Amino acid sequence: MISAMLFVLAVLIGGWFRFAQLALKPFHHDEGVNAYFLMALAKQGSAGYRYNPENYHGPTLYYFALTALRTFDASDFALRFWPCLFGVLSIVLLWWWRDHLGTVGLTVAALFMALSPGLIFFSRYFIHEMMFGWCSLAIAVGAWRYATTKDFKWMALLAIAAGILFATKETASITVVVLIVALV
């Protein structure tokens, strides 16, 4: 019970560090490029966005962000909402490794992720990295849980995360190779 409470506390701390004062930092040029594609998608629909694998990443960030844009209007919060949420959801994924990590390991891992300066930085940034990181971790969690439980819902998580991973960045194939090497 105490480990669950500490885990929830870590998730709340992680959420606070990711969502607090999102408009404080001006947009970086990468965020501006992503915002340009998002705004074209918002104004012109799918005709406004064309995937270009030579220069840019896949469309998932823009389509996810479109929901936040429609919900919260055009704001720094709306654009940075999904990376922040995926940053928090990355911490949440650890819960399904609690049997393997143990009480102390789960709490420490969750707190380290919640307080990691790198993870906080990329979670507060309108770029593809946190979605990509969540997908990578979700693949690992899904594979681990399926291997230990044989419950197909974990295979579904793995498949959904792999689909989003490949639709998010072209480097997904490298990540999959790394995950397979880690498995071996």
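Trainee: Is aspartate 99 buried or exposed?
Mentor: Aspartate 99 is exposed, with a relative accessible area of 64%. Keep in mind that this is a predicted model.

Trainee: Which side chain does aspartate 99 meet in a salt bridge?
Mentor: That would be arginine 145, at 3.7 Å from N to O. The pair links distant parts of the chain, with aspartate 99 in helix H5 (residues 98-115) and arginine 145 in helix H7, 46 residues apart.

Trainee: And is arginine 145 buried or exposed?
Mentor: Arginine 145 counts as buried, at 14% relative accessibility.

Trainee: Okay, how many salt bridges does the structure hold?
Mentor: It holds four. One of them joins the side chains of glutamate 31 and arginine 80, at 2.8 Å from N to O. Glutamate 31 lies in helix H2 (residues 29-44) and arginine 80 in helix H4 (residues 76-93), so this pair ties together parts that are 49 residues apart in sequence. Both glutamate 31 and arginine 80 are buried.

Trainee: What does glutamate 129 form with lysine 169?
Mentor: A salt bridge, and their closest N and O atoms are 2.6 Å apart. Here glutamate 129 sits in helix H7, while lysine 169 is in the loop between helix H8 (152-168) and H9, 40 residues away. Glutamate 129 is partly exposed at 27% relative accessible area, whereas lysine 169 is buried at 12%.

Trainee: Switching topic: how many disulfides are there?
Mentor: Zero.

Trainee: Why is there no bond for cysteine 84?
Mentor: Because the closest cysteine sulfur, in cysteine 135, is 16 Å from the sulfur of cysteine 84, which is too far for a bond. A disulfide needs the two sulfur atoms within 2.5 Å. Cysteine 84 is buried, with a relative accessible area of 0%, and cysteine 135 is also buried, at 0%.

Trainee: What about pockets? What volume does the largest pocket have?
Mentor: About 330 Å³. Its lining includes Trp97, Trp144, Ile139, Val176 and Leu183.

Trainee: Which helices each supply at least two residues of that lining?
Mentor: Helix H7 (129-149) and helix H9 (172-183). Helix H7 is also where arginine 145 and glutamate 129 are found, from the salt bridges we talked about.

Trainee: Last one, which residues make the nonpolar surface patch?
Mentor: Ile2, Leu6 and Leu9 make that patch, and its area is about 280 Å². Leucine 6 is found in helix H1 (residues 2-19), and leucine 6 is partly exposed, with a relative accessible area of 37%.

Technical notes. Residues numbered from 1 in each chain as written. Predicted model: local features only at pLDDT ≥ 70, side-chain atom pairs only at ≥ 80, totals over all residues. Heavy atoms only, no water. Patch = residues over 30% accessible without salt bridge, like charges linked within 9 Å, V, L, I, M, F, W, Y side chains within 5 Å. Areas by Shrake-Rupley, 256 points an atom, 1.4 Å probe, with all protein chains shown as cover. Helix = DSSP H or I, 4+ residues; strand = E, 2+ residues; numbered from the N terminus. Buried < 20%, exposed > 50% of the residue type's maximum accessible area, 1.4 Å probe, protein only. 1 Å grid on protein atoms, 1.4 Å probe; cavity = no way out; pocket = protein on both sides within 12 Å on 5 of 7 lines; lining within 4 Å. Points joined across faces, edges and corners; volume = space filled by probe spheres on them.
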